[in-house]
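Colleague: Please take one part of this model and go through it closely, following the packing outward from there. I would like the geometry in numbers wherever you have them, with the reasoning spelled out.

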Amino acid sequence: MNRCAAVLLFSVFFTISSAAQKKASVQRQPPGDVLLLRDGWTLQSSCKVDKKGEVISTPQFAPAGWHAVTVPTTVVAALVKDKVYPDPMFGMNLRSFPGMNYPIGSNFSGSPMRQDSPFMVPWWYRKTFVLPESYRGKTIWLDFAGINYRANIFLNGKQIAGYDDVAGAWRTYEFNVTGSALAGKTNVLAVEVFSPTEKDLAITFVDWYPASPDKNMGLFRDVEIRTSGPVAVRYPTVVSKLDSDGRAHLTVTTLLKNGSSQALKGVLKGQIDKAEFSQDVEIGPNEQKDVTFDPAQVQELNDDHPRLWWPAQMGKPDLYQLKMSFEIGGKASDTAETKVGIREITSKLNENGKRIFSINGKNILIRGGGWAPDMMLRENSQRLHDEFAYVQDMGLNTIRLEGKLESKQFFDLADERVILVLAGWCCCDFWEHWQNWKPEDYKIAEQSLRDQIYRLRSHPSLLGWLNGSDNPPPPDVEQTYLRVEKELLWPNPVISSATGKPTSVSGDSGVKMSGPYEYVAPSYWEQDSLGANHPQNCNPGGCGGGYGFNTETSPGPAVPPIESIQKMLPKEHRWPIDDWWNFHAGGGEFKDIHVFTDALNARYGAANNLEDYTTKAQLQTYEGIRAMFEAYSRNKYTSGGVIQWMLNNGWPSMIWHLYDYYLRPGGGYFGAKAALQPLDPVYGYDDHSISVVNSRYEDAKGLRVVAKVLNLDMTEKFSNESTIDVTADSVVKATTLPEIAGLSPTYFVALRVSDASGNTVGENFYWLSTKPETIDWGKSTWYTTPTLSYADFTAMAQLPKVKLNVSARSERKGESEITHITLENPTKSLAFFVRLKVNKGKAGEEILPVLWQDNYVSLLPGEKREITASYHASDLGSTSPYVEVKGWNTE
């Protein structure tokens, strides 16, 4: 059976919508002379099209029965939206898609696609549009920001690019279509897209979550038409160098493209703030040329008092507008503008060979999470804003992109929301199978890097670039990458890989990627210290404890709250844990969550139902995430930072996130928020010390630190009060807890920090066990270190029931609704791990996304707290907010 016959046979099992003739909605257009080709596309399998591109790209061709789609979209994303396939995010629906019968937990991206898959054949994207009459006489450019993986491109009956030239998921393409485009008339664009093979430099999710059945083939980024005069201006950038006295020296560079067949002379002009500069330029026929302004020759590019761009918690993120224009004979050929930040990011290896980052001359402790894009690469502007709001709310300062290089909006938001981005290539796929690369792959890799450096280099949020992930590239590839980065004036640190493996080209990386990724006891992160005397069976750079810069690590699974499980799985598979749960775990070593579950049952008591399990899962994740971040914070700058693996999920998952696919924050989110508060009182699992971590870049004087040790019945067993000064970006030990007799099997440590005026500026609440939690260091692997004996928190089941006094009021502020909740514990018992929700009415669903001032809180006897929740007012609809309160031991 040929491929098309197999596809047609499969397709009879689905109802295919034919909506090609629907009227397109009004397109959102970017400013300036740019036409965004977003709405009004049609899509069809080549198996159902018997014409060639030269015909399909003409007005005479009728796309009968084609799917109406909006670009950007992958093929499968479009078909899901058109109801051809069911929601792949629910249950095991994804397994019903064609070609998805590979073993669960294996890496589909590294396996051949089935020959009868409908995505083995190319698919056609077609778009009809009218170019404005004003485009006549101009150079017309056709831009593709992302095509996965290969394509033949046709415009108005002419092929403008072919299969061999359009190859590479991380390439960007700009074609001069002046000779084919029709100003003032109807134009037809047709793109024949081919899916990647397992031997292509494609987009993969490794062991994070399943790959889409089409391996994300399609036009997954914007398609645009833009115009210029004979010479176009692209990718303007400022590279900043700062003196110790704060003086800035700015190198400005931009790419010029001559779209004509003649050599041209002109003047390149630039302006940043009040500084203006220019130089004469000659550019050959159809030449592309980088032009640079050197501050050593241009006095205007030296600023004695620059307004600097700072990331989160360090200062104000000032942005300047950089404008570049090219003039021929006094007439503007093209103009390009972009926002830039004046800042300098550097890194160095400290005395222990560990990498420390600095910005504008000040050290910065990296505390971030690994980004996961939507499984089908769907873009959602509002969701992106909401996720950045979550990152800010937790106190993170960095997002790592492992080979998933996001949209322009993502980087613009990072610049504006002052979140650093550590970008680079992916692991565990053909990107790191260098021994199997063909000559073409070397070219695709080099051009992919060139395209990405061009588009990313102007963003002040870029922290650095990793030329490899789980492995550094071989010398020839690394040298190529370094050459490109040097040529294009990449302004930030470059690291050979995310691992501690040295290279013969660039030497030691100064970072480590030593895990763990599976559950470990909270004490792991501080017990594994620099020079710790235990067997080192981990990756180069040491195990995962709080020293060095750990580019990816995690205390394991992050089972979401019960509502997400109910949304993710059908009722018959929610409890007990079964293979449907495992399908929503990870791949490889992470195909199930038994290590996490074994620890949960041993530490908190065996879970006997779904609600019991998910509540205990939030507890265990809270303490694990908090312990990880606090170990790295307490040990700065023996530690350079840590990237939690991961920040989010691209599909509903049981593992690796700080908030889940449905944007529901759980225990991990609030454990991170507790650990990342600007003035954080930290309990040391290794030495019982109480320290205050100051993440502010200003001194904190006269801090009052109160530490109390409480038994299960709230009997106070120890109390200490101390007053300390904590200088900017530093750590000070306040006290050390002594040996205490008469502790209950589970006991608590309550920490509170007040400023000189008596205002609470930091607090933490720990639950601890008199039973030692011991770790089997000798059996460490790259992904976990087993626990020999677990802490015992089963006594918490004996906590008396508590009835809280709860009141709430809500107010509207602009587009936000803010609900103020007052909690009071009038009893003599602890109200433990109290979860708050704001619902859409009494019987409605939880409002998401939501920014909580705090959650999963514990209230001591007599304690009263006010907690706020902020959310989109539009999410309420016609309902009123209803506050739901439920704790470990509340009535």
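Modeller: A definition is needed before the part I have chosen: two strands count as paired if DSSP finds at least two bridges between them. The model is a predicted one, and I will begin with a small sheet and the helix that lies on it.

The sheet is open and consists of three strands in the order β45-β43-β47, with antiparallel pairing. Because β45 and β47 (881-886) stand at the edges and each has a single partner strand, one side of each is left without a neighbour in the sheet. From one strand to the next the twist averages 40°. Between β43 (residues 831-840) and β47 the antiparallel pairing runs over six bridges, and within that pairing R835 has K886 of β47 as its bridge partner. Helix α12 packs on this sheet, where it touches β43 and β47, and its direction makes about 110° with that of β43.

The next step is to follow α12 away from the sheet. In describing what it meets, I rely on the usual convention that two packed helices are described by the angle between their axes and the distance between the axes. Helix α11 (residues 594-604) and α12 (residues 610-634) have axes that come within 10 Å and cross at roughly 95°. Since crossing angles of 65 to 115 degrees count as roughly perpendicular, α11 and α12 are therefore roughly perpendicular to each other. On the α11 side the contact is made by F596, T597, A599, L600, R603 and Y604, while α12 contributes Y613, K616, A617, L619, Q620, T621 and E623. Sorted by class, these contact residues are seven nonpolar, three polar and three charged.

The segment that follows α12 also deserves a look, for the peptide bond from K636 to Y637 is cis, with omega near 0°. Y637 itself is placed in the loop between α12 and β31 (639-644). A second cis peptide bond, again with omega near 0°, leads from W575 to P576, and P576 is found in the loop between α9 (562-568) and α10 (579-583).

What links α12 and the edge strand β45 to other elements is the second largest pocket, since both are among the elements that each supply at least two residues of its lining. The other contributors at that level are α4 (381-394), α13 (667-675), β34 (700-710), β37 (746-754), β38 (760-769) and β46 (864-872). Of these elements β38 gives the most, with seven residues. The pocket encloses about 790 Å³ of space and has a lining of 36 residues, among which G762, E763, N764, D854 and R865 lie nearest its centre. In terms of class, the lining has 15 nonpolar, nine polar and twelve charged residues, a breakdown that may be useful to have beside the volume of about 790 Å³.

Two of the helices that line this pocket, α4 and α13, can be described in the way used above for α11 and α12. The axes of α4 and α13 come within 8 Å and cross at roughly 45°, and that makes α4 oblique to α13. In this contact Y390, D393 and M394 of α4 meet Y669, A672 and K673 of α13. By class, the contact has four nonpolar, no polar and two charged residues.

For the wider setting, a hairpin comes before these strands in the numbering: β41 (residues 805-813) and β42 (residues 816-824) run antiparallel and are joined by nine bridges, with A808 having I821 of β42 as its bridge partner. Two residues lie between the strands of that hairpin, and G814 in the turn has a positive phi of about 65°. A positive phi, of about 60°, also occurs at D273, although D273 is not a glycine; D273 is found in the loop between β16 (264-272) and β17 (275-283).

Enclosed space is a separate matter from the pocket, and here the count comes to seven cavities of 30 Å³ or more. The largest cavity has a volume of about 170 Å³, and 19 residues line it, of which Y102, G105, S106, Y209 and P210 lie nearest its centre. Its lining has eleven nonpolar, seven polar and one charged residues.

Terms used: Residues numbered from 1 in each chain as written. Predicted model: local features only at pLDDT ≥ 70, side-chain atom pairs only at ≥ 80, totals over all residues. Heavy atoms only, no water. Axes fitted to C-alpha atoms, helices over the stretch in contact; angles between N-to-C directions. Helix = DSSP H or I, 4+ residues; strand = E, 2+ residues; numbered from the N terminus. Parallel < 35°, antiparallel > 145°, perpendicular 65-115°, else oblique. Contact = heavy atoms within 4.5 Å. Nonpolar A, V, L, I, M, F, W, Y, C, P; charged D, E, K, R; others polar. 1 Å grid on protein atoms, 1.4 Å probe; cavity = no way out; pocket = protein on both sides within 12 Å on 5 of 7 lines; lining within 4 Å. Points joined across faces, edges and corners; volume = space filled by probe spheres on them.
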